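Work through the exercises below with the sequence and the model open. Each task is followed by a stepwise solution.

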Amino acid sequence: MVAPQKLLAVSETASHTTKDTLAAPCGRSKVVASDAATVVETSAGKIRGYERNGIYIFKGVPYGASTSGSRRFMPPEKPEPWSGIRNALEYGRICPQHETGWWTVTGNFSMDGKNLASDDEYKFLLHRGSAICIPGEDCLRVNLWTPEINGSGKRPVMVFIHGGGFADGCSQDLLSYDGENLARNHDVVVVNHNHRLNVYGYVNLAGIGGDEFASSANIGMLDIVAVLEWVRTHVSQFGGDPNNVTIFGQSGGGCKVAALMAMPAAKGLFHRAIIESGPTVKAVSPEFSQRVARALLDELGLSESQVRELQNLPVERLSGAAMKAMSKVNANPPSLRYGTGWEIRLGWGPTVDGRTLPTHPFDPGAPAVSANVPLITG
């Protein structure tokens, strides 16, 4: 301890460990987490990250309140303030997710009936992460890597959006999602995050529950808008320029970049965009997503007048019923949906609802709301 500040950890090498030492990578490394050196104040309270070899790292920082109970299917709310200093040393919870043929809550992956969770070639190719992925509805969290805190830097900001379609995945399930090397080697501020997925982020209850659930079909995308709002408010305290924000994502993350480009709520929150292997040009039709919502109620034995009961169900029951409902709807020719291939199998996705997403992202052309945003796609 160093009075009057609290010193959580100082590690000189990976082999030098004490009770309070944070894990360090192989080779010589210095890791520090202390009140004096690694604390930043946010609008909700102070957070303590750690610094490793010149890069400051903050993990699991709330950008929104818990989404459980009455907040389920509702737009994100500001995080509840805290007193004192909150640790931001570990990744936060991830959105609950059920087996969909892609990712699961345990980090498993299956394709063509083969579970690849323990397949060494698969893990080698995708560089699977070892971070713990614990599901929970208090999952609105950002992670940040930066060369500077509490200074005057104006570095470019890069906000990464994870893959897994709109159904699963998280900010920490691949080692390549870690932003430390990108921040160090290219002098940028890197942000990634968890947000709502599958039934928690994209069930269209507007036609059943009315105005109260008017935005439910695109709640997962509104979470990402809230991330960008958090970045605009706070990134200058982390050495970043809020007027130089690039959003980028791969696979499902690329699809989310495309959707953000068509959302009025996201206008002005980012200034460049990169779509990496995220080929979605159309969003889900209202007819399709409403069919899924009604199939979900049928699966649970609920009438439309009982729609609010969906907010009280245990996660396991809701996730399981949602998977079955989507499978039944997708068993029919998905002509009301969009595209071909993998996106049809995943089922979940944002809906053109005339409100949060007025038009398809890129049909018939680039969205006018993002006409001034440079785009790289591949």
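**Exercise 1.** Find the bridge partner of Y56 in strand 10, then place strand 10 among its neighbours.

Solution. Step 1: Y56 has T146 as its bridge partner in strand 10. Strands here are DSSP runs of E with at least two residues, helices are runs of H or I with at least four residues, and both are numbered from the N terminus. This is a predicted model, in which local features need pLDDT of at least 70, side-chain atom pairs count only at pLDDT 80 or more, and totals for chains, interfaces and linings use all residues. Residues are numbered from 1 along each chain as its sequence is written, and side-chain values use heavy atoms, with hydrogens and water left out.

Step 2: The Y56 bridge belongs to the pairing of strand 6 (residues 55-62) with strand 10, which is antiparallel and has five bridges. Two strands count as paired if DSSP finds at least two bridges between them.

Step 3: Strand 10 also pairs with strand 12 (residues 189-194), again in the antiparallel sense over five bridges. In that pairing, L144 is matched with V191 of strand 12.

**Exercise 2.** Decide which side chains of strand 10 point the same way, and whether the strand is enclosed or open.

Solution. Step 1: In a regular strand the side chains alternate between the two faces of the sheet.

Step 2: In strand 10, R141, N143 and W145 point one way, while V142, L144 and T146 point the other way.

Step 3: Six of the six residues of strand 10 (residues 141-146) are buried, so the strand is largely enclosed by the rest of the structure. Buried means under 20% relative accessible area, exposed over 50%, and partly exposed in between (1.4 Å probe, protein chains only).

**Exercise 3.** Give the strand order of the open sheet that contains strands 3, 4 and 7, and identify its edges.

Solution. Step 1: The order is 3-4-7, with mixed pairing.

Step 2: Strand 3 (39-42) and strand 7 (85-87) each have a single partner strand, so one side of each lacks a neighbour in the sheet.

Step 3: Strand 3 pairs with strand 4 (residues 45-48) in the antiparallel sense over four bridges. One bridge links V40 to I47 of strand 4.

**Exercise 4.** Check the length of helix 5 against its expected span, and state how far it is buried.

Solution. Step 1: Helix 5 covers residues 219-234, which is 16 residues. The expected span is 1.5 Å times one less than the number of residues.

Step 2: The expected span of helix 5 is 22 Å, and its end C-alpha atoms are 22 Å apart, which agrees.

Step 3: Of its 16 residues, 13 are buried, so helix 5 is largely enclosed by the rest of the structure.

**Exercise 5.** Describe the surroundings of L296.

Solution. Step 1: L296 lies in helix 7 (residues 286-300). Its relative accessibility is 1%, so L296 counts as buried.

Step 2: Beyond neighbours within four places in sequence, L296 contacts V199, V203, L310, L318, A321, A322 and A325. Contact means heavy atoms within 4.5 Å.

Step 3: M326 is 30 residues from L296 along the chain, and their C-alpha atoms are separated by 7.9 Å.

**Exercise 6.** How is confidence distributed over the model?

Solution. Step 1: The average pLDDT (the predictor's confidence in each residue, from 0 to 100) is 86, and 80% of the residues score at least 70.

Step 2: Residues 12-24 have pLDDT below 50, and this stretch has 27 contacts in the model beyond near neighbours in sequence. Over residues 100-109 pLDDT stays under 50, with 38 contacts beyond four places in sequence.
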